[in-house]
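Colleague: Please place the model before us, so that we may discuss its core, its surface and its backbone.

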Amino acid sequence: MFIGEYSCKVDNKGRLMMPIKFRERLEGVEFVITRGLDNCIDLFPMEKWKEIENKIKELKITNSKHRAYQRFILSAAAKMTLDNQGRLNLPASLMKHAEIEKNAVVTGSDDRIEIWSEEKWESYISEKAGIIEDIADEIDF
């Protein structure tokens, strides 16, 4: 399980130093990054990506919403590995999607990692903080 929230810098070449807690699980393995919902970037370990691929294959190409979702996720997807220094080289298209420039926030979200622009993350958390108790009331633990 990926958990935690980490502030990270992105250099002028689009490289993000992966937090050590996540780097330990990602070093030397292939994973997939793609557009995420809420204007973030999603990073999936390969075993989770295979599950997503299988679900996407079940979508109907005759359904316009299914096609839109499939295009949104697959057109931006890229198989990657961390470099020898533990950095992730973010594609320009994904940086644009997430509006990441210099400062990013990397968060654990169970079976995936999310990469946010610092500004978008702070705005998202601020917005949801006011309604989190209502959301929690709807969740049955």
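Modeller: Helices (H or I, at least four residues) and strands (E, at least two) are DSSP runs, numbered from the N terminus. This is a predicted model, in which local features need pLDDT of at least 70 and side-chain atom pairs count only at pLDDT 80 or more, while totals for chains, interfaces and linings use all residues. Residues are numbered from 1 along each chain as its sequence is written, and side-chain values use heavy atoms, with hydrogens and water left out.

Colleague: Which element supplies the largest share of the largest nonpolar core?

Modeller: Such a core is a set of buried (under 20% relative accessible area, 1.4 Å probe, protein chains only) Ala, Val, Leu, Ile, Met, Phe, Trp, Tyr and Cys residues joined through side-chain atoms within 4.5 Å. The largest one has 24 residues, and Leu 16, Met 18 and Leu 88 are among those with the most contacts inside it. At least two residues each come from several elements, including helix H1 (20-26), strand E3 (31-35) and helix H4 (92-98). The largest share, three residues, comes from H4.

Colleague: What is the relative accessible area of Asp 38?

Modeller: Asp 38 lies in the loop between E3 and E4. Its phi is positive, near 65 degrees, although the residue is not glycine. Asp 38 counts as partly exposed (from 20% to 50%) because its relative accessible area is 49%.

Colleague: Where is Glu 99, and what is its relative accessible area?

Modeller: Glu 99 is in the loop between H4 and E7, and its phi is positive at about 60 degrees. This residue is partly exposed, with a relative accessible area of 43%.
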